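User: Please take a close look at one strand in this model. I would like to see how it sits among its neighbours and the core.

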Amino acid sequence: MHDSRILNHLQFHLLATSISSVQMGESSLQEQGSGRISAHVLQTGRKLKWASYLCSMVIVLQYLMQSAEADPVLGTSRGYCRPVSIANNKTEDCCLPEPKREPIMFQLPNVQKLRVRRPAHELANDVEYVNKYNLAYARMKALPDDDPRSFLRQWHIHCSFCVEAFLSRYLNGTATPYTLQVHYSWTFLPWHRMLIYFHERILGSLINDPEFTLPFWNWDNQLDEGAGQMPQIFLPYNPPNPAINNSFLHEGAVRNPNHLPPKVLPLNFKISDESTGKTSTPEEIKDANLCLVWNMVYNKVSAQEYLGGKYNTSANFASVGAPTVGEPGGSENLHDTAHEWVGMLNNDNYPDNEDMGVFTYSGRDPLFYSHHTNIDRLWDVWQTLPDEVTEDGTRTRKEFDDVDFLETEFTFFDENQDMVRVKVKDTLSSAKLGYTYQDMSAADKLWIDHKPKASTPSFRTTQLSYTPNDYPEVVPNANNTIGSTPVCFKLKRRAPNRDDLKGTQVKHIGELSEGVLMEKVKVPEMMYVRFDVFVDFPTADIETDVDKSDYVGTFTHLPSGVMNMESVISQISAADDDVLYRELNIRFSTGIALRRLGIKDYSTDITVTIVPRFRAGDEDKTITFANLKQEFCESLSRVHPLRNLVLEIVF
């Protein structure tokens, strides 16, 4: 929210600059010899100068007035807080204590030596580390509940920020009418990085070890045996190891007993397979896992595809029909499966899907922090990956340069119980934060170099009777429906043009990434939702192998619970009397898939098949969406207002 005094000062400055410039223009013309310049020419010059500067003033002031309604967010636990809703009309009070002192601004550490985070599966027999790790949690859990460093409050940080207990705020602290949400947007990775950062520093301080690091659950690793299993350090040792005490790493945590070692996390996990007893071979799990990590990380070349969509003070993710809707990136979609698989989804004895299976409770399982440490590691890897996705193959991966992204702030409690305000721009380099990861390049190379084992020609070349015209097009701004069975739509395509470059970080059409965008997908907040998406494969179904060229991605939504703010703030409302919904945009990268299928002509229309994987009991439910369209994805950039001001002043 811009201060009116600043705006008035800018108006005065622009006017003064305009008058001064016109006077200088007149002097310049007169110095050239007034005898050779007619009065008519002089008058015309003055008018042109005035017109140009007045136009500049209007443009700048209009921009600043628009920006006043959409600024970087301040996400803080100070001020308003409300218990969050969970299943069965229950609530959980995750509100955080007020800081004892005024918040301080975060300062990047003076890094002398990088701390190294190591993979959890390699630490199971490191007696010193496991005991030290366990001791840190023992001391954290012994802290009083009103201490922001306590395990209770560490859990509540994730619960409250991720399940909309607070209102989003302008940077000056003024509240917006909208609830704060750090999922479903570009805030997902930066916020969770700093959650892990401060959690790790608190643990280290409790055992007087400034070099302490959290382990990462390296579930994307398909090279090392045991890497994709629930790590042993978070489970009772069998047989017991008298030299190791890890009780505080597993006691009290609710985890799915059907998924203990030697079970390996399948990133294409299907709940239906649990009830039917169907199992996949180790090789099938490996191929599917490599495919999904490649798809959700390597294949997401732009910041918007990997980090997620825009989030600023105009965003209202807790209401249907809001102008700004959520958009999770590939990183968030990939991470959801581990939550689902570890938690007690589909278990009548645990209706709230605790612990990992629901945002409200996931922070009370120590495994949660190890899981997110690996998500953070993959962000580091993503930043270093080559292109080889766009047609040019020369694109550099980089984060948003949008001021709304860089200047967004969040508050955390540090190891001294101080509330710290952190800007997103200070979170983009793990090295600057003082840590790095053990080299896992050999394992990473497997998914980086992965090619679908079924790189077959387009479906239409083997089914001569098939054309996209056999399937309906999506009706824009209508309630297009996804039920419990696959649905297929025709998608019209076009070639990219210069207009697609406007407002982007790239200069050439060949650097744009083609994708499919589902707009305003209306997701019931308390419903588990998962669906796979295939291009040019209209007969894809729940048994279709994802390790195929025509597979372009998966969307997963965990039941997270959300406040019913209707009785508190009139701007927030439920979609109907019984169900809360969330609206999301969902993006799938299609360029490489289409080229592998032999579809290189942009004039060729295709089909998009959506294969839902609903939970038992949800077979009669439907999901609606507003539109399905081709899009050339690129992270949009909003230049800082002051930079725009300078550009407009210069004629």
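Analyst: Two strands pair if DSSP finds at least two bridges between them. Strands (E, at least two residues) and helices (H or I, at least four) are DSSP runs, numbered from the N terminus. The model is predicted: local features need pLDDT of at least 70, side-chain atom pairs count only at pLDDT 80 or more, and totals for chains, interfaces and linings use all residues. Residues are numbered from 1 along each chain as its sequence is written, and side-chain values use heavy atoms, with hydrogens and water left out.

Now the strand. β17 covers residues 606-612. Strand β12 (residues 487-491) joins β17 through five bridges, and the two run antiparallel. Here Leu491 stands opposite Ile606. Strand β14 (residues 529-535) also runs antiparallel to β17, again with five bridges. In that pair, Phe534 faces Thr609.

How many residues of β17 are buried? Seven of seven are. Buried means under 20% relative accessible area, with a 1.4 Å probe and protein chains only. In a regular strand the side chains alternate between the two faces of the sheet. In β17, Ile606, Val608, Ile610 and Pro612 lie on one side, and Thr607, Thr609 and Val611 on the other. Both faces are covered.

Next, a contact of Ile610. Met518 touches Ile610, and its other contacts (heavy atoms within 4.5 Å) include Phe531, Phe588 and Leu628. Met518 is also among the residues with the most contacts inside the largest nonpolar core, which has 144 residues. Such a core is a set of buried Ala, Val, Leu, Ile, Met, Phe, Trp, Tyr and Cys residues joined through side-chain atoms within 4.5 Å. Helix α5 (residues 188-206) gives the most to this core, with eleven residues.

Notes: Buried means under 20% relative accessible area, exposed over 50%, partly exposed in between (1.4 Å probe, protein chains only). Lists of a residue's contacts leave out its neighbours within four places in sequence.
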